[in-house]
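Thanks for coming. I will go through one structure today, starting at one end of the chain and then moving to the other.

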Amino acid sequence: MASPYVSGESGKYIAASQRPDGTWRKPRKVKDGYVPQEEVPVYENKYVKFFKGKPDLPPGMNPEVAQAKQQGAPVSTDTAGLSKTAKRNLKRKEKRKQQQGKGGEGKEDDEEEEQEEELSAAVEKLEISNRAPQQNGSKPQQNSSKPQQNSSKPQQNSSKPQQQKQEAHASSATDKAKKIKNLKKKLRQVEDLQQKLDSGEVTEPTPEQLEKLARRKALEAEIAELES
C-alpha cells in the first residue's frame, strides 16, 4: 500500500487531492510521530491474546501425527498419540521379542529383568511393613494423653464455685454503691429545699416538700449504715 505522505523541504505532509466535484484539497502538514486513526493497532486484552496464542492441536497430541493426517499419509495406530516414554517402552518390548526369537541371549536378559522387578517389589513390601508398625505405635501415645486432659477437668470444675463467689461479691458491691449514690442524691435535694425555705425563696411548701424534709434524718441514717 502506497504511503499518502510526501516528504519535502518543509517536512512531511499529505499532498493535495481533488474532490469528486472538481475542487482541490489543500496539502496538510504532518507532525513527527503522528499516526493516523486507521493505522492505530486495535487494542487486544489478555483473553483475546490467550485465545490467539492457543495451539491448534488438542493437548498431548503429537504434531507429527497431525501433519501426517492432514497430508493423508498412513499413521500407525500403535504409536499414535503416545508419549515419548510409552514409545520407548514399545521399542523395548519389540527388542525383547526379537531377542526371544533369536534364543539364548534374549532369555538371559529377560531373566535378569525379572529378577530386578522381583527385588524392587520385595523392597517396596518391606518399606510398607516397616511403616505400618510405626503408625500403629504412635496411636497409644495419643490415647495416653487423654487421661491427662480428663484429669484437668476436676481442677477446672473446682475453680467454678470460687469464680461464682467472686462474681456475686462484685455484683453486691456495685448494687451497694448504686444505692448509696441514689440516697445521697435525694439528701442533696432535701438540703436544697431546706436552703430555699431558710432564704425565703419558698414561703409555702407543698405537702410533698414537707414529706421530703421529714425524711432527711432517715436518709442520713441509711447512708451511714451502708457506708459503715
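**Helix H1 and its aromatic residues**

Let me start with Phe-51, which sits in helix H1, the helix covering residues 46–52. Bear in mind throughout that this is a predicted model. Is Phe-51 buried or exposed? Its relative accessibility is 55%, and the cut-off for exposed is over 50%, so Phe-51 counts as exposed.

Phe-51 also belongs to a surface patch. Together with Tyr-47 and Phe-50, Phe-51 makes a nonpolar patch of about 390 Å². Within that group there is a ring pairing to point out. Searching the whole structure turns up 1 aromatic pair. That pair is Phe-50 with Phe-51, in an edge-to-face arrangement, with 5.4 Å between the centres and 70° between the planes.

**The chain overall**

Now to the chain as a whole. The protein chain has 6 helices and 3 strands. In what pattern do they follow along the sequence? The order reads β-β-β-α-α-α-α-α-α, with the strands ahead of the helices.

The chain has 228 residues, and 9% of them are buried. Its accessible surface is about 20500 Å², and carbon and sulfur atoms account for 51% of that. On contacts, take the ones between residues at least 6 apart in sequence: 29% of these join residues at least 24 apart.

**The nonpolar core**

Next, the buried part. As background, nonpolar side chains in soluble globular proteins tend to be buried together. Which residues make up the largest nonpolar core here? There are 9 of them: Ile-180, Leu-183, Leu-187, Val-190, Leu-193, Leu-213, Leu-219, Ile-223 and Leu-226. Two elements each give two or more residues to this core, namely helix H4, residues 104–199, and helix H6, residues 216–227. H4 is the biggest contributor, giving 5 residues.

Leu-219 is a useful member of the core to look at on its own. Leaving aside residues up to four places away in sequence, Leu-219 touches Leu-183, Leu-187 and Val-190, and also Lys-186.

Leu-187 comes up again in a spacing between backbone atoms. Lys-217 is in helix H6, and its C-alpha is 9.2 Å from that of Leu-187, although the two are 30 residues apart in sequence. Lys-217 itself counts as exposed, because its relative accessibility is 69%.

**Salt bridges**

That leaves the charged side chains. In general, side chains of opposite charge can pair when their charged atoms come close. How many salt bridges are counted in this model? The count is 4, and I will cover three of the pairs.

The pair I take to begin with is Glu-227 and Lys-184, whose closest N and O atoms are 3.0 Å apart. Glu-227 is in helix H6 and Lys-184 in helix H4, so this salt bridge links parts of the chain that are distant, 43 residues apart. Both residues are partly exposed: Glu-227 has a relative accessible area of 46%, and Lys-184 has one of 36%.

Then there is Glu-191 with Arg-216, where the closest N and O atoms are 3.9 Å apart. Why does this pair tie together separate parts of the sequence? Because Glu-191 lies in helix H4 and Arg-216 in helix H6, and the two are 25 residues apart in sequence. Note that 3.9 Å falls within the 4 Å cut-off, so the pair is counted. Glu-191 is partly exposed at 30% relative accessibility, and Arg-216 is partly exposed at 28%.

Arg-216 also meets Glu-220 in a salt bridge, at 3.5 Å from N to O. Here both partners are in helix H6, and because they are 4 residues apart, about one helical turn separates them. Glu-220, at 36% relative accessibility, counts as partly exposed. Taken together, Glu-191, Arg-216 and Glu-220 are linked in a network of salt bridges.

**To sum up**

Helix H4 and helix H6 each give two or more residues to the largest nonpolar core. The salt bridge between Glu-227 and Lys-184 also runs between H6 and H4, as does the one between Arg-216 and Glu-191. Back at helix H1, Phe-51 is exposed and is part of the nonpolar surface patch with Tyr-47 and Phe-50.

Terms used. Residues numbered from 1 in each chain as written. Predicted model: local features only at pLDDT ≥ 70, side-chain atom pairs only at ≥ 80, totals over all residues. Heavy atoms only, no water. Patch = residues over 30% accessible without salt bridge, like charges linked within 9 Å, V, L, I, M, F, W, Y side chains within 5 Å. Areas by Shrake-Rupley, 256 points an atom, 1.4 Å probe, with all protein chains shown as cover. Salt bridge = Lys/Arg side-chain N within 4 Å of Asp/Glu carboxyl O. Buried < 20%, exposed > 50% of the residue type's maximum accessible area, 1.4 Å probe, protein only. Contact = heavy atoms within 4.5 Å. Core = buried A, V, L, I, M, F, W, Y, C linked by side-chain atoms within 4.5 Å. Phe/Tyr/Trp six-rings, centres within 6.5 Å; stacked < 30°, edge-to-face > 60°.
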